[in-house]
Amino acid sequence: PPPPSGLRTFTMAGAAPNKATVKSVLSADTVIVMGQPVGGPPPEKTITLAGIISPRLGRRDGTQKDEPFAWPAREFLRKACVGKAVTFELEETVASIGKSFGHVYLDGENLSTLIVQAGWAKVKPPMGNNPTRTAYQEELQRMEAQAQSAGIGMWSKDAGSMTTIRNVIMPGDAGYDAKDVLDNFKGQAQTLITEQFRDGATVRGYLLPSFHWVTVFLSGVSCPGFKRAEEPGGADIPEAFAQEAKYFMESRLLNREVSVVLEGVDKYNNFYGSILHPQFNISVELLKVGLAKVVDWSAKFTKDPELLYKAERLAKERRQRIWKDYVAPVRSAGAASAAEFVGKVAEVISGDFLVVKDSAMPPVEHRIALSSIRTPKLGRRDQKDEAWAWEAREFLRSRLIGRKVTVGIDYIRPLPNSTTGETERVFASVSEGANNVAVALVANGLATVMKHRQDDQDRSLYYDDLIQAEAAAARDKKGLHGDATPPTRHINDVSNSSATAQAKQMFGFVQRAGRLQGIVQHVVNGARYKVLIPKQSCVISLALAGVRCPTTGRKDGEPGEPYGEEAYAFARDKCLQHDVEVEVHAQDKIGTMIGRLYIHKQDMGVTLLKEGYARTSGRDMTNEMEEAEKGAQQKRLRTWEKYDAELEAEKAAAEAAEVVESATSGEATQVTVTEVVDAVTFYVHPTGAEQQIAYVADRLAAMVVKEDGEFRPKVGEVVCAKFSADDLWYRARVEARKGDTCSVLFIDYGNGEDVPVSRLRPLPSSVPTPVACPPQALEYKLAYIKPPKDEEFKNEAMACVQEILAASNGVVSAKMEYRERSGRCHVMMMDPASGKSFNSILLRNGLAKLERRRQDTPGLKDDQAEAKRERLCIWQYGDAVDSDEDDNRMAEDVAKAKQKTAGGR
């Protein structure tokens, strides 16, 4: 019906007459409408629909229950009109009860008509003499009668009408415990009808269908709020932009049915959660327009906190609303003078601490801590690393060591109680190209962001980026934020002098493995390093073969040799924490491996010689080393600055003479094999050893044996040991010890066994020491070859060697090819019967192979080639290989060959 005439109207300030938007629905006959905002929150009006009366809703606290059908009636009107544009007219305002009565039109249709037709309200009887109003009421009564006869709405004949009365569950002792509700609903989207907004980030409403009355704080978001008035009954005092934030939310969500995910609770039974909307993320929208800030601790509740930080950052950059006075962070005054510098990363101490060498002349090293982040700590001495500590440092090391970076100093803090001598610590942002190192660490879950106070300006210049990266890492459950833990690392450090026995045990593994990948952990001096071998899970001490660098000064004040410190600095700059390759050739008596170190495919020994930081030494030098040294001599570089060609020539001639004399004395000699270690390793007695052995035996037989229950021999010590086979005493060296049992080597015979400590005695003064009478068993190794790895062929090679020795009663001739520093001789051992060398016989029968670096040895290479051609023993399936990868490949080939053979049969 057309709107009745003659009614008084209410016009909203600043808006078109009678136009408004329905803000909320209080009951089926009462709505709140609002106009357009002009310089502040919009005007509002509560209107009770004239001519009708609907069932009354009860109080939430339970003191008054709903009338039947009150809730479905309210819901009918809410769904029909909330948030929609309407027009309205006021009939009258009754001051005594504080109500305004009127008519509200949705798309031209009176809301009272809609409600009565749907059966959700009763019609008031006509009052007064206004014919138009009377006709309107009579029309409503006709509609009411139709609804009654149809049995719809509140006129339903359904006996279960009382079930439409709500049972509102309030928080507290008499209601529900928020933790229990969270446990039941956490992570599940629940239906929420929003009834109130306390501020832009706090909503109250009903969870359906349970009717829990809940207060929900938006996770990760805080809006300006309202302070209570000082005077009782006074209006709350809004903070800046509080009204605008509240209106922003009410205009979009008040009285709407939304989905909410409950994510946390506080001690006051309030919830933290996220409101889901099919079109937008309301928290993100609040932040984008500058009406909210991100709350770090509760942002972690959300599914994707990174979105919140991005939105906040956008509002900051645009300086919107609460960020209108925002000033981008600048470096603190204490660091302003240093500003930034460009340098090269010299060392990574931990995941958040590194050493950068600047480009000044001379360069200066700066110890830099990364601003505003914290990584897990590496363990000291016997302490274990915290989880992800090694991964964090390795992340930086593998990406930054030796690289050019830009260091921007953010702040400097004093260290009053430092034990390292530092008086202050520099915190900086470090970038490699366009990549911020700290942000990369945080994004990969290897570091956490420090939470600074709002007034703390000592923070990273890229703090917002760090917060955003941490949110993304937490969302993706990376590293520290995930449930998985990194694999436990077990590293066997055999680089210390106290681990000589372990180093000797490890030597065989690393030598046979050939060239291995490694990481230089420490530079001792120009030619000595500690190298981590990941494949073998060990740290070894490595001395460069064939070179000698000047020594550095000692801690006790003893000065080093000229250019010792310079050689150390050069090696440290080139190698420290770099990825390298190592080849181990030999080992000295204190367990130090001797070999080559390659960085970027370049031999470090050759590099040192080229730069004049080292000189060649021993017999391990190569032609390349010799050429490099000659170049440094000619240029008079560093250690060669006083080079005198004639004097050096005389020294070289003298050294050459010594070498020739040694070579001459190394002609083929007759020896007797006393012990066979494996197919290529033996202990022998040289000619004349019998007299020395007899002398030592006499002294041992004459010694007075005393009980010594407190004797605890050390590894490497030469003692008297009683041999189990004949109960006689012999000189022996302790190789290893486990509990009350020692593994010993009988140094005059070459055999060994495990002996109880009770059968060991200190070497008395009457028995000659190894210095007075050297060990009579000499260790010989067949030169240039190595035995099979396969157990079957290893045994066959041993049988071949033992057969030859049995025929000659162990007496053979041997010609020394070269000697290791440890004293082991590499020889060509001859079979008296055939005149051929053991080396040649084993190679020819496919029971040994040439060492990788000796593939071109004259004569022997032909024997190996023949065995390969005839597919003998280790060559039966093609090339024999050494590395683990090649072993796996060979195993696959063998399996395929066997499968093929089986298929043929």
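Select helices H8 (residues 305-318) and H12 (residues 463-475): their axes come within 7 Å and cross at roughly 160°. Because angles over 145 degrees count as roughly antiparallel, H8 is roughly antiparallel to H12. The model on screen is predicted. Look along the pair and H8 can be seen to pass H12 in a left-handed crossing.

Now show side chains at this contact. From H8, take Pro305, Glu306, Tyr309, Lys310, Arg313 and Lys316; they meet Asp464, Asp465, Ile467, Gln468, Ala471, Ala472 and Arg475 of H12. Coloured by class, the contact of H8 with H12 shows five nonpolar, one polar and seven charged residues.

**Ser283**

Next, centre on Ser283, which lies in helix H6 (residues 282-288). Is Ser283 buried or exposed? Its relative accessibility is 5%, so Ser283 counts as buried. Leaving aside residues up to four places away in sequence, Ser283 touches Leu218, Val221 and Leu308. A distance to try in the viewer is the one from Ser283 to Ala311: the C-alpha atoms are 9.1 Å apart, and the two residues are separated by 28 residues in sequence.

**Strand S11**

From Ser283, follow the contact with Leu218 into strand S11, residues 212-218. Seven of the seven residues of S11 are buried. In a regular strand, side chains alternate between the two faces of the sheet. Select His212, Val214, Val216 and Leu218 for one side of S11, then Trp213, Thr215 and Phe217 for the other; both faces are covered.

Which strands pair with S11? Strand S10 (residues 202-208) runs antiparallel to S11 and is joined to it by six bridges. Two positions to pick out here are Gly205, which stands opposite Val214, and Val203, which stands opposite Val216. Strand S16 (residues 271-276) runs parallel to S11, with three bridges between them. To find this pairing, select Leu218 of S11 and Gly273 of S16, which stand opposite each other.

**The turn between S10 and S11**

Move to the connection of S10 with S11. These strands form a hairpin with three residues between them. Within the turn, Phe211 has a positive phi of about 60°. Pro209 also belongs to the loop between S10 and S11. Zoom in on the peptide bond between Leu208 and Pro209: this bond is cis, with omega of about 5°.

**The barrel and its helices**

Widen the selection to S9, S10, S11, S16 and S15. In that order the five strands run round a closed barrel with mixed pairing. From one strand to the next, the twist averages 55°.

Add helix H1 (residues 70-81), which packs on the sheet and touches strand S9 (189-199), S10 and strand S15 (257-265). The direction of H1 makes about 80° with that of S9. Then add helix H5 (residues 242-253), also packed on the sheet, where H5 touches S9, S11, S15 and S16. For H5 the angle with the direction of S9 is about 140°.

**Two loop residues with positive phi**

Go to Trp388, in the loop between strand S21 (373-374) and helix H10 (389-400). Trp388 has a phi near 75°, a positive value in a residue other than glycine. How accessible is Trp388? Its relative accessibility is 19%; since the cut-off for buried is under 20%, Trp388 counts as buried.

Then select Ser537, found in the loop between strand S28 (528-533) and strand S29 (538-544). Phi of Ser537 is also positive, near 55°. Ser537 has a relative accessible area of 30% and is therefore partly exposed.

**The whole chain**

Finish by zooming out to the full protein chain. How many helices and strands does the chain have? There are 22 helices and 46 strands. Colour the chain by accessibility: of its 905 residues, 45% are buried. Contacts can be sorted by separation in sequence as well. Among those in the protein chain between residues at least 6 apart, 61% join residues at least 24 apart.

Technical notes:
Residues are numbered from 1 along each chain as its sequence is written. This is a predicted model: local features need pLDDT of at least 70, side-chain atom pairs count only at pLDDT 80 or more; totals for chains, interfaces and linings use all residues. Side-chain values use heavy atoms; hydrogens and water are left out. Buried means under 20% relative accessible area, exposed over 50%, partly exposed in between (1.4 Å probe, protein chains only). Helices (H or I, at least four residues) and strands (E, at least two) are DSSP runs, numbered from the N terminus. Two strands pair if DSSP finds at least two bridges between them. Contact means heavy atoms within 4.5 Å. Axes are lines fitted to C-alpha atoms, for helices over the stretch in contact, and angles run from 0 to 180 degrees between N-to-C directions. Angles under 35 degrees count as roughly parallel, over 145 as roughly antiparallel, 65 to 115 as roughly perpendicular and the rest as oblique. A crossing is left-handed if the near helix is turned anticlockwise from the far one by less than a right angle, and right-handed if clockwise. Ala, Val, Leu, Ile, Met, Phe, Trp, Tyr, Cys and Pro count as nonpolar, Asp, Glu, Lys and Arg as charged, and the others, Gly among them, as polar.
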